[in-house]
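Q: I would like to learn how to read helix packing, burial and backbone angles from a structure. Could we go through them one at a time?

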Amino acid sequence: MLRAMIQIEGNKPLRLGIAGLGTVGAATCKVIADNQDLLSARAGRAIEVVAVSARDKSKDRGVDLSGVDFCDDALALARHPDVDCVVELIGGDAGVARQLVEQAIANGKHVVSANKALVAKHGAALSAAADTAGVAFLFEAAVAGGIPILKTIREGLAANRFTQFAGILNGTCNFILTAMEREGRDFDDVLAEAQERGYAETPPDLDVDGWDAAHKLAIVTGLAFGVKLKMDAMHVEGIRRIAAQDMQFADEFGYRIRHLGITKQSEAGVMQAVYPAFVKQDSAFAGVQRVLNATYVEGDAIGSLFMMGPGAGGAATASSVVMDVVDLAAGRAAPSFGVASEKLKEAAFLDMTSHSGAYYLRLHVKDEDGVLADVTGLLREHSIGVERVLQDADEATQTAQIALITHLEKEVDIQAAIAALNQADYSINDVHMVRVAAI
Ligand code: HSE
């Protein structure tokens, strides 16, 4: 069915309608204007912004939009006679963004989008609609901002059968965790700074509760494993519960804490999860600081490949948006998820009860004789072995923090042990658990 860009005759310009002129939309217009000659040489045709849509026409966005048709209604772009490709930079998985993408595709227009929530929730259906209409639906900017991870998986690594992907997919979480790590500050304090700097949304729930990373991970799962996306089969944990004390213990154990999205495929099925994890201090993920993102993919031919770069920001995200546009203009737009939509498989998705690995546990206990022996005994009763232990006693309160790293264990055993430890009369607070990543 694909690819209708063949229908863009000869070297006629590819004409864009850009919906949303926020940070990314304005940066997209600027990149296209600044690099016009380069882009048309690479694409073999000119790329022109012919129409835009935004809430405020009068706002100065630092780009020259003279001669561009300004539409008050974004949906007008879906039926605009001069637009070949709608670039959707509004965001959100419902409302105007979804209507615009659906209507543009139905009207035979190509769509480039940066909308992770929309693709995560409706990507399979939109990809099928695009195939039916014979248009392209591309969304590189939806995952890891400026890192071209989707193109890398879909095309650069097309030879590979993938087994695992892991990524730092949310810049706000990484900014908060790495500031806590460097400066010994608490979560709430750093979150307030992230909001002041404009990194975290207000409210910050989508970022710090893990949903932004989860949307991005669902897209990678679909693409890497050729399966239909399933957002409701995803384990999602954010970073609110990580305390300054966990950072200290992680450091003493030789680890850093990063918020990871991990998706794996085995014979049993696909497991996708986002959670804060211990990573070794010499792992590539430990070196990812501030708002940067990182991606790691394992394939049978390549072995593994790691990329680090800006996961957000106007120009970096525009870099990915414009890459999709250039591919489209050059007539090399690939199917959205690497295969024709009808080839996407229904996967068996596994939950975290199938997970196994090492675990960090932190217990706040009464500082009494025999407590540590009782803790390790109780863990042994649940078949859990302890690799390392640290203890930090507070004489004033007669309490202690016990931190330990387990051997490789099953999540079901860990959860049962945690439930038992929480009932122990020496436990002051519930046990705090962080998984140790094996990458
Ligand atoms: N809120 C996102 C982040 C922006 O912090 O990474 C990019 O999707």
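A: Let us begin with the angle between two helix axes: angles under 35 degrees count as roughly parallel, over 145 as roughly antiparallel, 65 to 115 as roughly perpendicular and the rest as oblique. Please keep in mind throughout that this is a predicted model.

Q: At what angle do the axes of helix 4 and helix 9 cross, and how should that angle be described?

A: The axes of helix 4 (residues 116-133) and helix 9 (residues 211-225) come within 8 Å and cross at roughly 50°. Helix 4 and helix 9 are therefore classed as oblique to each other, and the crossing they form is left-handed.

Q: Which residues make the contact between these two helices, and of what kinds are they?

A: Helix 4 contributes Lys116, Ala117, Val119, Ala120 and Lys121, while helix 9 contributes Asp212, His215, Lys216, Ala218 and Ile219. Sorted by type, the residues in this contact of helix 4 with helix 9 are five nonpolar, one polar and four charged.

Q: How does the length of helix 9 compare with what should be expected from its 15 residues?

A: The expected span of a helix is 1.5 Å times one less than its number of residues. For the 15 residues of helix 9 the span should therefore be 21 Å, and the end C-alpha atoms are indeed 21 Å apart, which agrees. Helix 9 is also mostly covered, with 14 of its 15 residues buried, and it is followed by glycine 226, whose phi is positive, near 65°.

Q: How is helix 3 oriented with respect to helix 4?

A: Helix 3 (residues 95-106) packs with helix 4 at an angle of about 15°, their axes being 9 Å apart. That angle makes helix 3 roughly parallel to helix 4, and the crossing of helix 3 and helix 4 is right-handed. On the side of helix 3 the contact is made by Ala97, Arg98, Val101, Glu102 and Ile105, and on the side of helix 4 by Leu118, His122, Leu126, Ala129, Ala130 and Ala133. The residues of this contact of helix 3 with helix 4 divide into eight nonpolar, one polar and two charged.

Q: Turning to single residues, how should a relative accessible area be read, and is serine 127 buried or exposed?

A: A residue is called buried under 20% relative accessible area, exposed over 50%, and partly exposed in between. Serine 127, which is found in helix 4, has a relative accessible area of 1% and is therefore buried. If its neighbours within four places in sequence are left aside, serine 127 is in contact with Phe137, Ser336, Phe337 and Ser341.

Q: Where is leucine 21 found, and what is it in contact with?

A: Leucine 21 is found in the loop between strand 1 (14-19) and helix 1 (23-34), and with a relative accessible area of 6% it counts as buried. Apart from neighbours within four places in sequence, its contacts are Ala26, Cys29, Val52, Ser53, Ala54, Arg61, Leu65 and Phe70. Leucine 21 and lysine 59 are 38 residues apart in sequence, and their C-alpha atoms are 9.7 Å apart in space.

Q: What is the relative accessible area of alanine 284?

A: Alanine 284 lies in the loop between strand 10 (269-280) and strand 11 (292-299), and its relative accessible area of 43% makes it partly exposed. The C-alpha atoms of alanine 284 and threonine 295, eleven residues apart along the chain, are separated by 9.9 Å.

Q: Which residues of helix 12 are buried, and what do they pack against?

A: In helix 12 (residues 371-381) the buried residues are Val371, Val375, Gly377, Leu378 and Leu379. These buried residues pack against strand 13 (356-366), strand 14 (386-394), strand 15 (399-406) and helix 13 (411-423).

Q: Finally, what should I look for in the sign of phi?

A: Most residues other than glycine have a negative phi. Just after helix 12, however, serine 383 takes a positive phi of about 65°; this residue is found in the loop between helix 12 and strand 14 and is exposed, with a relative accessible area of 53%. Glutamine 398 likewise has a positive phi, near 55°, in a residue other than glycine. Glutamine 398 is found in the loop between strand 14 and strand 15, and its relative accessible area of 51% makes it exposed.

How values were computed
Residues numbered from 1 in each chain as written. Predicted model: local features only at pLDDT ≥ 70, side-chain atom pairs only at ≥ 80, totals over all residues. Heavy atoms only, no water. Axes fitted to C-alpha atoms, helices over the stretch in contact; angles between N-to-C directions. Helix = DSSP H or I, 4+ residues; strand = E, 2+ residues; numbered from the N terminus. Left-handed = near helix turned anticlockwise from the far one by under 90°. Contact = heavy atoms within 4.5 Å. Nonpolar A, V, L, I, M, F, W, Y, C, P; charged D, E, K, R; others polar. Buried < 20%, exposed > 50% of the residue type's maximum accessible area, 1.4 Å probe, protein only.
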